[in-house]
Amino acid sequence: MESSRCPPEELRIRILSFDELRQRALSVYLESVAVPRSIRRQGRDRVRIMRYVLKCERVFQVVAAELGRIARLPRTTSMHPFYAEIANIASHGRFDEIVARAARGVMIVSKLWKEYRERILSSLTPAEAKRLAREFVGRTLSVARRSLRHAELLREAVKALRQTPCIDTESPLVIVAGMPQVGKSTLISRLSTAKPEISPYPFTTKHVILGHMEVDGHRIQLLDTPGLLDRPNSEMNPIERRAAAALRLLRAVTLFLIDPSRDSYYSIDKQLRVLRNVSEIVGVDNLLVVMNKVDKVDEGRLKSVEELVEEAGFQVKYRISALKGWGLGELVRGVVEELRRRGLLA
Ligand SMILES: Nc1nc2c(ncn2[C@@H]2O[C@H](COP(=O)(O)OP(=O)(O)OP(=O)(O)O)[C@@H](O)[C@H]2O)c(=O)[nH]1
Ligand SMILES: [Mg+2]
């Protein structure tokens, strides 16, 4: 397996819907074609027959080129597992099947073209050539329709992959996780080059977003993730599943943010359940629990939330305010230490 760290380059294509492809194919069929002089010498009927051959050839080229572009997309089996998962989340697990379907389509239309080219060329009258040409176009489009079934899922997958940043799997990575609204994006924008959108609404972050920070000459990657709710993978929406994929498939130190405020978007109970789920995915040892938004809570509240965290079997390692920038120096030092301990940083 190739350990590509970026979404594959070949994904920079636009995938046509069947209707768009049909329109393109029909419009090239209707364009006028120039028949070579050598044919023109053979008389008017021959010229008209040859026109049908050339028109059909164009239709074949348009359809085969489009299906071919899809067929040449890399299969998820050749992608880094994280990117493969991003592709499968968006395509409902059908990415490879759709690509394979297009590859079969190319083979079928190529065979059809070979057959019809001969048949049209050996037509005795232009009327016969016209009938065969129409038959060829009809059959080719019907293959295209079948080949492009679920193409919209492929389009979604390509879009999701394009929105996924290149993650250097060899360089240190820190993933920031937690329920929606705990301040993940605020922290990332404070610490790194990334400037993700921040707002008081859950699921503001819909894709993983990568930023970098320099510490002691080391370039450390920080990954902002969408918020996770308290539910199993099978019930997650695609946005949450992208966060779960990052946690499951990328080697990293994970910061789990908790919002201890009384008016937090989700209760402490819920946040602790998500903490438990995340620790099961990444392993307790790979996780640092961080209390954010300490600017808006009093010491008493902080203590009681910390106790609840302990009762759940975890320990709050850092108290920060991403908004005010409090405690971030200590957090960064702790993260660097943790990366070293895990052998992720020299
Ligand atoms: N008082 C206070 N507010 C904060 C702090 N950090 C974040 N916020 C606020 O909390 C809200 C959510 O912040 P985000 O950074 O968008 O939260 P998120 O975890 O990325 O949210 P999702 O993308 O929805 O998962 C915003 O209104 C922030 O201004 C903090 O340290 N203190
Ligand atoms: Mg966010």
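This passage describes the surroundings of ligand 1 and several residues of the protein in a predicted model. Residues are numbered from 1 along each chain as its sequence is written, and chains are lettered from A and ligands numbered from 1 in the order in which they are written. Because the model is predicted, local features need pLDDT of at least 70 and side-chain atom pairs count only at pLDDT 80 or more, whereas totals for chains, interfaces and linings use all residues; side-chain values use heavy atoms, with hydrogens and water left out.

Ligand 1 is surrounded by 23 residues, of which K184, S185, T186, F203 and D295 come nearest, a residue being near a molecule if one of its heavy atoms lies within 4 Å of it. This shell is made up of nine nonpolar, 10 polar and four charged residues, where Ala, Val, Leu, Ile, Met, Phe, Trp, Tyr, Cys and Pro count as nonpolar, Asp, Glu, Lys and Arg as charged, and the others, Gly among them, as polar. The space taken by ligand 1 is the largest pocket. A pocket is defined on a 1 Å grid over the protein atoms alone, as an open set of points where a 1.4 Å probe fits, with protein on both sides within 12 Å along at least five of seven lines; lining residues have an atom within 4 Å of a point. A molecule is taken to sit in a pocket if more than half of its atoms lie within 2 Å of its grid points.

Oxygen atoms of ligand 1 are approached by both side-chain and backbone atoms, with a polar contact taken as a pair of N or O atoms within 3.5 Å. A polar side-chain atom of K293 lies 3.1 Å from a ligand oxygen, a backbone N or O atom of L323 lies 3.1 Å from an oxygen of ligand 1, and a polar backbone atom of S199 is 3.4 Å from a ligand oxygen. On its own, ligand 1 has 650 Å² of accessible area, 90% of which the protein covers, as computed by the Shrake-Rupley method with a 1.4 Å probe.

K293 is placed in the loop between strand 5 (287–291) and helix 11 (299–311), helices (H or I, at least four residues) and strands (E, at least two) being DSSP runs numbered from the N terminus. Although K293 is not a glycine, its phi is positive, at about 60°. With a relative accessible area of 19%, K293 is buried, a term that means under 20%, while exposed means over 50% and partly exposed lies in between (1.4 Å probe, protein chains only). D216, likewise a residue other than glycine, has a positive phi near 50°; D216 belongs to the loop between strand 2 (209–215) and strand 3 (218–224) and is exposed, at 62% relative accessible area.

In strand 5, M291 is buried with a relative accessible area of 0%, and its C-alpha atom is 9.1 Å from that of V182, 109 residues away in sequence. V289 also lies in strand 5 and counts as buried at 2%; V289 and L275 are 14 residues apart in sequence, with their C-alpha atoms 8.5 Å apart. In helix 10 (residues 268–282), I268 is buried at 9% relative accessibility, and its C-alpha atom is separated by 14 Å from that of V297, 29 residues apart along the chain. E214, by contrast, lies in strand 2 and is exposed, with a relative accessible area of 57%.

Technical notes: Polar contact = N/O pair within 3.5 Å; in protein donor to acceptor, adjacent residues only side chain to side chain.
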